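Colleague: Hi! Got a few minutes to go through this model with me?

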Amino acid sequence: MERRHAIITGGSSGIGLEIAKILLQESYNISIIARDKIKLQKAYEELLSLCPDPSLIIGQFSSDVTDKTGIIGTVRSAVEKAGPPDLLITCAGSARPGYFQELPAEIFDQMISVNYLGTVYTVKAVASLMQDQGHGHIVMISSGAGLIGLFGYSAYSPSKFAVRGFAESLRSELKIYGISVSVVYPPDTNTPQLQGEFPYKPPETRTITGKTGVLSAETVAREIIKGIKTNRFSIAPGITMKILCSAHSLINPVLRIYFDYLVKKTIK
Ligand SMILES: NC(=O)c1ccc[n+]([C@@H]2O[C@H](COP(=O)([O-])OP(=O)(O)OC[C@H]3O[C@@H](n4cnc5c(N)ncnc54)[C@H](OP(=O)(O)O)[C@@H]3O)[C@@H](O)[C@H]2O)c1
């Protein structure tokens, strides 16, 4: 049986790691890419312990997606180890909330660099290989904050809007080569990223985001896999994201009034 190979940036933690676990059960060879070697090794051992078939290949690669030449070499190493890429999932990302006036300008550079350019560089490294083989699926992780701008996310939200614009542009361009593109809008999901945001989240942001629940990384990963299998372009885990994804332009004027009310109430 021909083996499929999934490359997952940010596969050492949170949503990316949960996706890797599911794909492993579906007999994919897996390559996880992230920076921290200790976290990578831990994730690798966890995947190994869950591996249903010893002939499956699991690779771990320490690489920074913001390094545009480095990521080309990393993808090449992954392909040498585990075969041509059938699926790319760009999960690598980070979030830094805060009041606009208090956020250093460097945070804006960082958000665009990791969340947007890191996605572009990885997709560039993989798309040409998929084009040569005439098939493949590229799945980019945006965010609910990539559909509507939120108080406290002036640095993060635009980087996720950019991912959405990139995915929308690329979809039709890559379709002619047999490559599918999807974009994912996760809601608040219980991962190290979400926990890392807490110390920086302004109270107004907490009030707004606290109005919707938090999903587990496993639930979000399962919805992403379902969306991949049904070849959906927009994948929106959970009911709130489904509504937001299909009607954000219509409901945004109402949401703006509601969010302004919540901000005012929090300040009081
Ligand atoms: N959790 C949420 O509520 C939520 C909501 C909407 C969207 N998202 C998005 O979902 C994606 C996954 O997030 P998560 O919540 O699962 O976060 P997470 O658990 O913190 O995982 C982030 C992963 O990205 C890797 N990473 C970060 N910067 C990197 C870089 N420059 N180069 C390579 N790898 C890098 C991390 O490993 P290293 O740090 O070791 O590199 C880690 O493996 C992100 O794009 C995030 O913005 C999350």
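**Ligand site and a helix pair**

Modeller: Happy to, and keep in mind that this is a predicted model.

Colleague: Sure. Which residues come nearest to the ligand?

Modeller: Ser12, Ser13, Arg35, Thr189 and Thr191 do, out of 29 residues around the ligand.

Colleague: And how far is the side chain of Arg35 from an oxygen atom of the ligand?

Modeller: An N or O atom in the Arg35 side chain is 2.7 Å from a ligand oxygen. A ligand oxygen is also 3.2 Å from an N or O atom in the side chain of Gln193. With Cys91 the partner is a polar backbone atom, 3.1 Å from an oxygen of the ligand.

Colleague: How much of the ligand's accessible area does the protein cover?

Modeller: The protein covers 95% of it, where the ligand on its own has 890 Å².

Colleague: Nice. What's the mix of nonpolar, polar and charged residues in the shell?

Modeller: The shell has 12 nonpolar, 11 polar and 6 charged residues.

Colleague: Which helices each supply at least two of the shell residues?

Modeller: Those are α1 (14-25), α5 (156-175) and α6 (192-197). The largest share is from α6, with 3 residues.

Colleague: Switching topic: at what angle do the axes of α1 and α2 cross?

Modeller: Roughly 25 degrees, and the axes come within 10 Å; α2 is the helix at residues 37-50. Angles under 35 degrees count as roughly parallel, so α1 is roughly parallel to α2.

Colleague: Is that crossing left-handed or right-handed?

Modeller: Right-handed, as α1 passes α2.

Terms used: Residues are numbered from 1 along each chain as its sequence is written. This is a predicted model: local features need pLDDT of at least 70, side-chain atom pairs count only at pLDDT 80 or more; totals for chains, interfaces and linings use all residues. Side-chain values use heavy atoms; hydrogens and water are left out. A residue is near a molecule or strand if one of its heavy atoms lies within 4 Å of it. A polar contact is a pair of N or O atoms within 3.5 Å; within protein, one must be able to donate a hydrogen and the other to accept it, and residues adjacent in sequence count only if both atoms are side-chain atoms. Accessible areas come from the Shrake-Rupley method with a 1.4 Å probe; for residues, only the protein chains shown count as cover. Helices (H or I, at least four residues) and strands (E, at least two) are DSSP runs, numbered from the N terminus. Ala, Val, Leu, Ile, Met, Phe, Trp, Tyr, Cys and Pro count as nonpolar, Asp, Glu, Lys and Arg as charged, and the others, Gly among them, as polar. Axes are lines fitted to C-alpha atoms, for helices over the stretch in contact, and angles run from 0 to 180 degrees between N-to-C directions. Angles under 35 degrees count as roughly parallel, over 145 as roughly antiparallel, 65 to 115 as roughly perpendicular and the rest as oblique. A crossing is left-handed if the near helix is turned anticlockwise from the far one by less than a right angle, and right-handed if clockwise.
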